[in-house]
Amino acid sequence: MQNTKFLIGLTGPMASGKNLAGEILEEMGCAVIDADVTAHIALENIKAKVIEQFEPEAAKNGILLLNKDGTINRSSLAKIVFASKESLQKHESIIHPEISRLLEIFINEHKNQHCVINATVLNKIPLALKCNFIIYIDAPFLLRLYRAKKRDKHSLSHLLKRFSSQKKLYTEYQKLNVDIYRVRNIGSSKKLHKKLQSIFENHCQN
């Protein structure tokens with residue numbers, strides 16, 4: 001493998017198989033960070049700002065934003081954040097800078113490896129433009145909905161709102177000046193592994 005290390009974006013809509021793809025890339029020797037996990041840490045770091053912004057709306061709707069241990073109740077927050085485009089934008093303006101900061105720390109700590117950022121909204125943070133290429137994992141709508149319903153405890157209406165917010169996600173990535181590989185995850189994990197191996201070898205070893 002060449003000496004120059006790559007920064008790789010791993011993205012795609014909800015329940016498309018990004019985490020499985022991340023596990024496969026990790027097995028191939030990449031340092032992989034899950035931005036969803038990073039977002040949980042970032043959320044607690046900026047908890048005061050989130051409460052200040054969304055507590056009035058939460059109180060009006062009888063929603064408790066804090067758990068008994070004082071941490072943010074992410075399910076409750078999601079009900080407010082995904083209720084409107086404006087709320088989502090406000091939330092992103094608060095949390096994205098902190099996520100970016102934490103991701104930069106991870107990359108700096110893994111300079112000797114190819115780094116993969118697993119993030120649905122990678123396109124909304126500056127690091128997207130630093131990626132050597134982006135792998136976009138996708139799957140049919142009904143298959144994704146089945147996976148999400150099986151995995152999560154949210155109602156169908158809530159999941160459909162989440163899906164709707166990501167309806168034009170691929171189009172947003174096409175606007176970036178970065179190479180994009182769109183991978184359809186509709187078969188076995190072995191098939192996904194083969195597709196990712198081919199992309200990785202062609203791009204990182206040439």
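# From a buried serine to the largest pocket

Ser 16 lies in the loop that runs between β1 and α1, and this predicted model can be read outward from that position. With a relative accessible area of 0%, Ser 16 is buried. Its side chain has a polar atom that lies 2.8 Å from the backbone oxygen of Pro 13. Leaving out residues up to four places away in sequence, Ser 16 touches Ile 137, Asp 138 and Ala 139, and also Arg 144, Arg 147 and Asn 185. The loop between β1, which spans 7-11, and α1 also holds Ala 15, and Ala 15 counts as buried at 7% relative accessibility. The backbone of Ala 15 deserves a separate look, for this residue has a positive phi of about 65° although it is not a glycine. Most residues other than glycine have a negative phi.

One of the residues that Ser 16 touches, Arg 144, leads on to helix α6, where Arg 144, Leu 145 and Ala 148 are buried. Viewed down the axis of α6, these buried residues fall within an arc of 100°, so they line one face of the helix. An α-helix has 3.6 residues a turn, so residues three or four places apart point the same way. The buried residues of α6 pack against β4, which covers 133-138, and against α7. On the other side of α6, by contrast, Leu 142, Tyr 146 and Lys 150 are exposed.

A second helix can be read in a similar manner. In α2 the buried residues are Ala 35, Thr 38, Ala 39, Ala 42 and Leu 43. Down the axis of α2 these residues fall within an arc of 145°, so they too line one face of their helix. What covers them includes the strands β2 (31-34) and β3 (115-118), together with the helices α3 (47-60), α4 and α5. At the start of α2, a side-chain oxygen of Asp 34 comes to within 2.8 Å of the backbone nitrogen of Asp 36.

Which residues does Ile 99 contact, once its neighbours within four places in sequence are left aside? They are Thr 38, Ala 39 and Ala 42, which are among the buried residues of α2. Ile 99 itself is found in helix α5, and at 8% relative accessibility Ile 99 counts as buried. For a sense of distance across the model, Ile 99 and Val 178 are 79 residues apart in sequence and lie 21 Å apart in space, taken from C-alpha to C-alpha.

Helix α5 also contains Glu 92, and this charged residue is buried, with a relative accessible area of 13%. When residues up to four places away in sequence are not counted, Glu 92 touches Pro 97 and Lys 124. Lys 124 lies in the loop between β3 and β4 and, at 40% relative accessibility, counts as partly exposed. With the same exclusion of residues up to four places away, Lys 124 touches His 96 as well as Glu 92. Between Lys 124 and Asp 69 there are 31 Å in space, C-alpha to C-alpha, for a separation of 55 residues in sequence.

The loop between α4 and α5 holds Ala 83. Ala 83 is exposed, with a relative accessible area of 52%. Although Ala 83 and Lys 161 are 78 residues apart in sequence, their C-alpha atoms are 8.0 Å apart in space.

Several of the helices met so far come together again in the largest pocket, for α1, α2, α4, α5, α6, α7 and α8 each supply at least two residues of its lining. Rolling a probe the size of a water molecule over the atoms shows where empty space is left. The largest pocket has a volume of about 1800 Å³. Its lining comprises 49 residues, of which Asp 36, Phe 82, Thr 120, Arg 162 and Gln 166 lie nearest the centre of the pocket. Asp 36 has already appeared at the start of α2, where its backbone nitrogen is reached by the side chain of Asp 34. The largest share of the lining, nine residues, comes from α5, the helix in which both Glu 92 and Ile 99 are found. Divided by class, the lining of the largest pocket has 18 nonpolar, 15 polar and 16 charged residues.

Conventions. Residues numbered from 1 in each chain as written. Predicted model: local features only at pLDDT ≥ 70, side-chain atom pairs only at ≥ 80, totals over all residues. Heavy atoms only, no water. 1 Å grid on protein atoms, 1.4 Å probe; cavity = no way out; pocket = protein on both sides within 12 Å on 5 of 7 lines; lining within 4 Å. Points joined across faces, edges and corners; volume = space filled by probe spheres on them. Helix = DSSP H or I, 4+ residues; strand = E, 2+ residues; numbered from the N terminus. Buried < 20%, exposed > 50% of the residue type's maximum accessible area, 1.4 Å probe, protein only. Arc of directions from axis to C-beta. Contact = heavy atoms within 4.5 Å. Polar contact = N/O pair within 3.5 Å; in protein donor to acceptor, adjacent residues only side chain to side chain.
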